[in-house]
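Colleague: Please take a close look at one loop in this model, and then place it among the other parts. Keep the account plain enough for a first-year student.

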Amino acid sequence: MLSNSPLRRKIPWRKALIGGLASVLAAGAVTYTGSTTNAYADVQVSMDAKTAADGKQYWVQNHLVPKDVAQSKADTGGKRKKWLLVWAGDENIADTLVKDVKNLPGSLGGGLGKIRNALPGPDFLAVIDATEGSPTYGKVVNTATVGPLVENEPHHMQYVWHKGDTIYAGALFAAATYAFDVSALPQLKLKGVSLPTQTLGGSVPDAYWTLKDGTSYGTYMGGPVVPGPYRYDNGQVVVGNGFAGSPGEVVHFDKEGKVLSQNPAATPQGDNQKLCDNLPQLGAPTCANPHGIQAREDLNTLVTSDYAEPRNIILDPVKQPSPYLRRPTVRTYDISDRNHPKLKTVSYLPDGPRADPKDPLHSESRAVMETTVTNLPGHKGAFAQTMQGGAVYYTPDITAREPHWREVFDDGSANKAIYEKNDANGASSNGGWIQTSPDDKYLYRAIVGRQKGTLGPDDPGTTGGVYVLDIQKLLAAGPGYQGSIDTKEKARHGGGGVLPTVVGAAPINAGVPGAGPHWGAYDNFALGADGFYRETDQPQHLAVSNYFVARSGLDGDHKVNLLNLGKDGKVAVDQNFRDEFTGQVGINFNRKSWPHGDFGNAKPHSELFVVADADLK
Amino acid sequence: MDQMDQMDQMDHGAQLGTGSAGIDAVALLLRLVLLFGSAVVAGVGLLRPLVGAVGRRLTVVVAALAGISAVLAIVSILTVGANVVGAVVHAALAVAIAGLLPKPGAARWPAAALVVLVVIETALGSSGIDFAVDTVFVAGATVWLGITALSLGVAPQEWRGSSLRLGPLAITLGGLLVLAGGTQLALSGIGFDRRLYGSAFGVALLAILVLALVATVVAAVPRADPGRTYRFGAAAIAIGFLAWSALAAIPKPPELPVPGVPLLASVSVADQDVPVLVSPQRPGRNLVHVPATAGEVSVAVEGGQAVRATARPGAEGSWAEVDLPDGRSDLVLTKDDSPAKVEVDAGTAEGAASAAGSDGPECAAAALGGLLNNRRTLLTACPSDALSDDDADALRKLVGFLAERRAPVIDLVADETARGAAAAKVVREAAARKNIPVAPGQSPDGALVVVSGWDLGYRTMRDAATAQREKPAYGYGLYAAPWLLHGPIVNLVASSSIPLRFDPREQLAVSYAVTVGNGFGGESPSVAGFRNWLGDQWRSVSGEVQIFASAQVNAMPMYPNEPHPPGMVMARDYRGQWVPEGTVVPVSVPLKS
């Protein structure tokens, strides 16, 4: 018979067990919230806000991880820090979903508390330790979130940062430009923000070029914000077809992000009617959708490249949109008056040997996303690259009344250097970043690669990555250089002579077609013997990011990699730059936790190497 | 995006047999057997030190249940994608308890861990008080079942003396289970109405509570052998435990329909959970709306002729017109030959005439906004029944904006509704004051101003887009009244401009957009819905009028069938956007009169 009487002999285990179990369950019941805790325990939060033109407060909020900063300083003997700033957007797709926890054996995976889409999280600048040898190398030590706007679609900053510069960061969807003070990194401050109501002559900001006086030019790829005529500061009246349409403009910002001037990219008479489509149609067709932008102040010349009318509308679900919405043009401007860039030339890039009239989208000239200028006083040239065209063009003199652009390299001839199983077809290489080295010896280039099936059902696609071209002979040859990519053979294997040659290449996501980087930046800082950083004209590292614009269909795996760069141009992925959570090479922006919270995946579009003022001479 | 892709993006991966999407019958059966078996094994292990030698029969039973639990835990990795570590730990604990059963002291530790695991598995997805209630019920039932098993499988002389008084413990456990069941019932929100006995969910809740009460009453009867108390109550506890474990798989019944209040319900049809909106829920003509993700659906009043739900210009999803009889009736939704019922109650009073007409979708979208914020108000009027002072003021300011831009002519498009007629009058008068002629025609130098409802607004924008593709037309742009900021309308054109009093990018507007998407199959927000969602709070959101531009910005016009790289979200399911794949930004300062 079971006893119903009091215990005669006390058994300690029972009390301990019952007490322990009750404690565990009680604690769980009280504290369980259905989600796991943030991986960042102690985060210092500080906010810097400014009142914008609309009278509202805009802010940047730092979320500093003090333990990483402290540990890094202690373990490196106080070594000064170099930072990689990455401008990234919240993904907001099931971003709080944690599959592993949701599917325990007895749980009903699909039906129990299935996570719904949360509110969009904030976009942010990630501050990543890029100091070689640092114990926190690759760690995100601060996420500087912006507010109150969400879903900005962070896009480009300037191409390179110099001491004292404001950081200009564009918001593609919000049509805004943020100006950040990075002098006291890893913390940031907000200097100002330009809203769409301050840039009525253009929309959809893309890229920035900072001038020696600290002000900056920005390309606004889309048209004036409302359709109809718009009068620019120089008096020119341009008829546009509306927000995110055509034609775009060049905006001049002061150091606080305030608009100094708006300047037309369009010609008064319009552009080539056949090559430049607009939707809705304009009386004067234009290709003026400036994307890439670089300047040579010593030559009083600014160069922009036209990419595409940046909005999309499926008028016919089965009919392809016009390939002529993607542009083949490069523009130069006279910037003798820095505040009023004056459009000087419009050049149409010529098609190359791969061009097929039946497939104009993949002709070499199509979608001139980027341009980069040479840097040394003896050089006057610039390069341009095409995203769908997959080609690199060069003109030896951007000051000319009619710059002559010729194809000097086809991405196809770099394909096998990147990944030996690639074919040698450069069409639709989805190239993005292109940048001359400060010493004008090399040309750095990032290509996403061709997605499987792009050129037909049997197209295996190509692996993307980074390649480096030696351009010394080409630049040395001067304006009368000989050669161009004028045969399919040259497109596949290089043009020979003085034309650029591949000296370094590295795959990103080798074997996965179309998963390479869209953007990149070179590291223009080297540590001196005195422990301070100085600018160098021989970068030793590159940083690249695998993301374009998710809405466009070109998304990527959201990783940021560093690459080591040799003096001979050889390049290799830095195996030490690893994700602090996965341990894998490359910083994965698809993660659950950030210093600012469990906001999930983020989309890293662009990056810059930056050093705090106190650490830089 | 094809329909399959859309469906994959939804939380509507419906499964067979449970009546609830996302949970299949196999998973439910696996859950019930696994949790019950594990609870018995854990209960025996936890209380093992109370007894000396364990009989062979109990050892075999525990070993069998532990084996079944272990196997099912491993099977769950393959069948329901269970976390491998979690499944292995569950299996290992069950086997360890069975293996350590001969050692009274050792079995309790894995048993304690297994109790915690069973609680977590039962409560996964819930939090706060829900989790606490789950914890109390599962732990209480586990102890009851453990003592029952021991009383059946251990000779009376093998029970050790203990401070644990099993009789009072049974009353305590029963009381806790009653408390948990009662709390669950109170938390369920279904209230003391016919849903309690008219729905599986209500019956399950009722069963849990009643069975716990039965066990408590049984426990209250004094017995010399408290083991009998546990055995008598075991069946009630076991059934209650199974009912509790099954609750997560039983669809919760919707709110009872209230005549004249549009009904928002969810039905499981053809393996898919489909949200349904019935407006105005009055006798006579009503609109029945399902989201686009529902696919092809037909609707009928039970016993009547089925009507296929079809697209309506300017609105998302599908709409069916049905005639409801007075009072309560059932609507039958059919998809892929699979029917599902929705109970409606039209009452006897007449509804707003415009609720089921051409402006019915906007009216329904307005009601949906309120319903999604638990605002169940009688639908007495629709947005198209009158032009609000705020909207009239916004239209006047829009005309002023066009005058400042020196638009040579306005092509005004309005409809015959009270709102449309009043809006047209406002625009004409304002244009006259500003000396802008109002004349029809797709002039290359004109501006289109649309103040109609969604239906005509959609057709007008579609025609404008076609015209603008062929030749320059409406050079001064396409302008729409505030109520036309709706994805299917503004996404027809490359860009459009709208006078608004709120910024769709700000937190409340984004919260509402996310709520609509989540609550109604990914549907896009509407201005009327936002107002109803906010209720009186609308006044705090409604500010000065600014012109906003809307466009689908994506930086690269893609071919419809262009292949996309890995990692791309085919659905582009970015909830929280007012315009799908679009951008809406202010492009003017606040406008003056």
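Modeller: E151(A) is found in the loop between β5 and β6 of chain A. The model is predicted, and the details below are to be read in that light. Phi of E151(A) is near 50°, which is a positive value in a residue other than glycine. Is E151(A) buried or exposed? E151(A) counts as buried, because 21 C-beta neighbours lie inside 10 Å and the cut-off for buried is 20 or more.

The loop between β5 (140–147) and β6 of chain A also holds P148(A). The peptide bond that leads from G147(A) into P148(A) is cis, and its omega is near 5°.

Beyond this loop comes β6, which belongs to an open sheet of 3 strands in chain A. The order of the strands is β6-β7-β8, and they pair in the antiparallel sense. Which strands stand at the edges? They are β6 (167–171) and β8 (189–194) of chain A; each has a single partner strand, so one side of each is left without a neighbour in the sheet. From one strand to the next, the twist averages 25°. Within the sheet, β7 (residues 176–181) of chain A pairs with β8(A) over 5 bridges, in the antiparallel sense. As a point on β8(A), V193(A) stands opposite Y178(A).

Chain B can be read with the loop of chain A in mind. A cis peptide bond is found there too, joining S279(B) and P280(B), with omega about 5°. P280(B) sits in the loop between β2 (272–279) and β3 (284–290) of chain B.

A positive phi in a residue other than glycine is found at D337(B), where the value is near 65°. D337(B) lies in the loop between β7 (328–335) and β8 (338–345) of chain B. Here the neighbour count is 6 C-beta atoms inside 10 Å, so D337(B) counts as exposed, given that the cut-off for exposed is 12 or fewer. E151(A), by contrast, counts as buried.

R406(B) takes a positive phi of about 60° just after helix α12(B). That helix, α12 (residues 389–404) of chain B, has 16 residues. From its first C-alpha to its last it reaches 23 Å, close to the 22 Å expected at 1.5 Å a residue. Its buried residues include D391(B), A394(B), L395(B) and F401(B). What do the buried residues of α12(B) pack against? Their partners in chain B are the helix α13 (418–433) and the strands β9 (409–413), β10 (446–450), β11 (478–480), β12 (495–500) and β13 (546–551).

For chain B as a whole, the domain assignment gives domain 1 (25–247), domain 2 (263–357) and domain 3 (386–586). The C-alpha centres of domain 1 and domain 2 of chain B lie 43 Å apart. An unreviewed UniProt entry lists several spans of chain B under "transmembrane region", among them residues 25–46 and 232–250. In the model, residues 25–46 of chain B are 100% helix and 0% strand, and the end C-alpha atoms of the span lie 31 Å apart. Residues 232–250 of chain B are 79% helix and 0% strand, with end C-alpha atoms 28 Å apart.

How values were computed. Residues numbered from 1 in each chain as written. Chains lettered and ligands numbered in written order. Predicted model: local features only at pLDDT ≥ 70, side-chain atom pairs only at ≥ 80, totals over all residues. Pairing = 2+ DSSP bridges. Helix = DSSP H or I, 4+ residues; strand = E, 2+ residues; numbered from the N terminus. Axes fitted to C-alpha atoms, helices over the stretch in contact; angles between N-to-C directions. Expected span 1.5 Å × (residues − 1). Contact = placed C-beta atoms within 7 Å. UniProt positions renumbered as here; feature names shortened; annotations may be inferred. Domains from an automatic or database assignment.
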